[in-house]
Each structure stands twice: as C-alpha cells, then as structure tokens.
Amino acid sequence: MSHPVPSALFGAIKATMACMLATMAALPVPAHAVTVAEGGPVVLPVAFSKSVLEIDVDIRGRRFHVLLDTGVDPSVIDLGAAEAVGLKVDRADAGEASGFGDGKGATIFPTRVQGLALQGRGVAEFDALATDMRAMSAALGRRLDGVLGHSFLVDKVVLVDYLQI
C-alpha cells in the first residue's frame, strides 16, 4: 500500500531538489571527480564493475589498483605491496579481521599510508590495515592492492558521475 506524500511536503522536496541540482550544475567539477580537501578537484577515471568503484592511485611512485568503499574503516592495503613500497607495517601488533561468515578472519597489521597521489597530487597520510589481499583479488578477477575507506575519505568529497562510467 502506498502512502501519498502531502502536497506541501512534496513541494518542499521539489524545491530542495531543484536548489540542489542548480547548485550542483554551477559547480566547476568535471565527471569522475575526487575533490581533495586542499587544492581543488582531481579528475580520475573510475571503473564500476561487480558493484564496486575501482580507481588507480600512486603510492611512492608505484601504481596501485584500489576500490573506493565508504563502509571500510580503516582503509586496507595489500601486505606485500605495502612492504614493497617501504611502508612501515607493525607486524608486532597483528590482529584478526572480522566480517561476514564464521571462518577465521585474515591476519591484519596496522600501518600508515604515506605518499599516496591522485593524478600526481599528494594527499595526507592516513591509517590503514595491511593484509594479504590475494583472495579479494581472485574474487574481483584482477590484482587488487587496497581499499580506500573512511580513513582516506574522511576529509574529501567524492563525486561519481555514474552516467559517464
């Protein structure tokens, strides 16, 4: 059973949406933009497959293929990739990841991602967990080096133009 929206509320919603659309249309932000807190917009190509957003970033000069996921906190980086670029991984503080299912979780290690750049523009370092991501890579069907989650996104605005993907 559907409930009709009162006309006054519907009018307010339409006015709010019109205002939002007008404001968004006036923004000088191109498609696929990730806006960095300082320095304005950075435009990134985005792949949308298997219901996930995939982007490429550079960490300390090496290309990393990562997912954007607002539900992950902190961010995650592949253990081997983190060590290959010289990130300090605290192996003495190992833990176990939790998630869905009732099997044993993956072993995780705290780290900080330093030297990440989007289209050549550096961003501030952020907390992450390092873990073996081979199983996630297999599920995705390609190499996956990390997941940029809340610890990365917390001071950024991300605009995804799904019509251009």
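**Exercise 1.** How many bridges join β4 to strand β5, and in which sense do the two strands run?

*Solution.* The model is predicted. Take β5 at residues 62–68. Count its bridges to β4: there are seven. The strands run antiparallel. Now check one pair. Isoleucine 55 stands opposite valine 66 in β5. Then look at the link. β4 and β5 form a hairpin with two residues between the strands. Arginine 60 in this hairpin takes a positive phi near 50 degrees.

**Exercise 2.** Trace the pairing of β3 with β4, then inspect the turn.

*Solution.* Locate β3 at residues 47–49 and β4 at residues 52–59. Three bridges join them, and they run antiparallel. Phenylalanine 48 has leucine 53 in β4 as its bridge partner. Two residues lie between the strands of this hairpin. Lysine 50 sits in the turn, with a positive phi of about 50 degrees.

**Exercise 3.** Which residue of β9 is the bridge partner of aspartate 58?

*Solution.* Go to β9, residues 116–118. β9 pairs with β4 in the antiparallel sense, over two bridges. The partner of aspartate 58 is alanine 117.

**Exercise 4.** Place these strands in the whole chain.

*Solution.* Start with the secondary structure: four helices and 13 strands. Next, burial. Of the 165 residues in the chain, 32% are buried. Then contacts. Among those with a separation of 6 or more, 59% link residues 24 or more positions apart. Finish with the surface. The accessible area is about 10100 Å², and carbon and sulfur atoms hold 60% of that area.

Definitions and conventions:
Residues are numbered from 1 along each chain as its sequence is written. This is a predicted model: local features need pLDDT of at least 70, side-chain atom pairs count only at pLDDT 80 or more; totals for chains, interfaces and linings use all residues. Side-chain values use heavy atoms; hydrogens and water are left out. Buried means under 20% relative accessible area, exposed over 50%, partly exposed in between (1.4 Å probe, protein chains only). Contact means heavy atoms within 4.5 Å. Accessible areas come from the Shrake-Rupley method with a 1.4 Å probe; for residues, only the protein chains shown count as cover. Two strands pair if DSSP finds at least two bridges between them.
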